[in-house]
Amino acid sequence: MTSSTVNSTHRTVVPVRITTTDLWRREWQVKQQGAVQWLYPLVLFLVIITLFPLAVGSEPQLLHRLGVPAVWIAALLSLVMGVDGLFKPAMDNGTLAQLVVSRTSLPLWVLIRLTIHWIFSSGLVALLSLLAVPLFGLSWGEAGALLASILVGSPMLLMLSAIASSLTLSLKNGAVLVPLIALPLQLPVLIFATGAVDLYATGLNGLPILALLGAGSIISVLIMPWVIAMTLKMAWLN
């Protein structure tokens with residue numbers, strides 16, 4: 001592709017050809033350079049699940065009953081907290097403009113960006129959820145079901161949060177609105193995921209619910225990047 005100069009939003013953008021490998025490498029480097037930003041949600045998750053037993057009390061049966069909802073609520077809040085900076089920096093530093101002008105696949109870029117964000121957020125949160133064993137008295141089987149529910153349901157949560165983030169991208173105080181938009185949409189995932197773990201704890205089969213969450217996550221991964229990409233392009237044009 002020949003280089004050309006396009007003036008958009010008072011910024012000169014020189015389009016270059018960007019490959020899929022370049023996108024992966026760039027996004028991985030950006031995530032590593034912003035280590036402090038993705039550590040904040042993890043710290044929030046640890047603080048919530050650590051303080052929750054102190055606030056509720058040391059009654060074993062009560063802690064065991066509230067362990068799964070507490071961990072999932074902490075995971076949900078930490079995920080929502082980390083999405084306000086998903087696309088705003090790319091808009092401000094001209095990365096989004098370069099991608100649009102160079103005719104790079106925006107849905108592919110969105111998918112790569114969200115995948116790397118998922119690894120550093122929900123993937124690590126799923127591993128940290130094993131702390132529910134000593135903190136809430138869960139068995140290792142229940143902790144494994146909890147970990148599986150987070151791994152299966154979190155992609156759908158991330159896609160819903162990313163849509164909220166893209167919709168509020170052009171607003172002055174859009175970061176405040178992201179939780180207000182995303183949380184009501186994410187409540188069904190929270191209810192189904194905790195229900196699946198509760199079924200396992202009572203000796204019943206929670207796999208159908210986990211399969212339903214997995215199907216929802218797969219559909220979200222296939223469709224949502226296109227919707228988010230279209231929203232981002234509209235925000236850039238405006």
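**Thr194.** I began with Thr194 in this predicted model, and asked whether the residue is buried or exposed. Its relative accessible area comes out at 12%, and because buried means under 20%, I noted Thr194 as buried. I then looked up where Thr194 sits, and found its place in helix H9, which covers residues 174-201. Its side chain reaches the backbone oxygen of Ile191 at 3.1 Å. Leaving aside residues up to four places away in sequence, I found that Thr194 touches Val68, Pro69 and Trp72.

**An aromatic pair.** Next I looked for aromatic pairs, and the structure holds 3 of them. One of these is formed by Phe87 and Trp109, whose ring centres lie 6.1 Å apart with 55 degrees between the planes, and I wrote the pair down as tilted. Which parts of the chain does this pair tie together? Phe87 lies in the loop between helix H3 (60-81) and helix H4 (88-92), while Trp109 belongs to helix H6, so the pair links parts that are 22 residues apart in sequence. I also checked how accessible the two partners are: Phe87 is buried, with a relative accessible area of 1%, and Trp109 is buried as well, at 0%.

**Helix H6.** Since Trp109 had led me to helix H6, I looked up the length of this helix, which runs over residues 106-128. At 1.5 Å a residue, its 23 residues should span 33 Å, and its end C-alpha atoms are 32 Å apart, so I noted that the two values agree. I also found that H6 bends by about 40 degrees at Trp118.

**Helix H8.** I repeated the length check on helix H8, residues 140-167, where 28 residues at 1.5 Å each should span 40 Å, and the end C-alpha atoms are indeed 40 Å apart. Where does H8 bend? The bend, of about 40 degrees, is at Gly153, and I noted that a proline, Pro155, follows within four residues. In H8, 21 of the 28 residues are buried, so I described this helix as largely enclosed by the rest of the structure.

**Confidence.** Last, I looked up how confident the prediction is, and found a mean pLDDT of 84 for the protein chain, with 91% of its residues reaching 70 or more. Confidence is highest in H8, at a mean of 92, and lowest in strand E1 (residues 6-8), at 41. Over residues 1-14 the pLDDT stays under 50, and for this stretch the model has 22 contacts beyond four places in sequence.

Methods:
Residues are numbered from 1 along each chain as its sequence is written. This is a predicted model: local features need pLDDT of at least 70, side-chain atom pairs count only at pLDDT 80 or more; totals for chains, interfaces and linings use all residues. Side-chain values use heavy atoms; hydrogens and water are left out. Helices (H or I, at least four residues) and strands (E, at least two) are DSSP runs, numbered from the N terminus. The expected span of a helix is 1.5 Å times one less than its number of residues. The bend at a residue is the angle between axes fitted to the seven residues ending there and the seven starting there. Buried means under 20% relative accessible area, exposed over 50%, partly exposed in between (1.4 Å probe, protein chains only). A polar contact is a pair of N or O atoms within 3.5 Å; within protein, one must be able to donate a hydrogen and the other to accept it, and residues adjacent in sequence count only if both atoms are side-chain atoms. Contact means heavy atoms within 4.5 Å. Rings of Phe, Tyr and Trp (its six-membered ring) pair if their centres lie within 6.5 Å; planes under 30 degrees apart count as stacked, over 60 as edge-to-face and the rest as tilted. pLDDT is the predictor's confidence in each residue, from 0 to 100.
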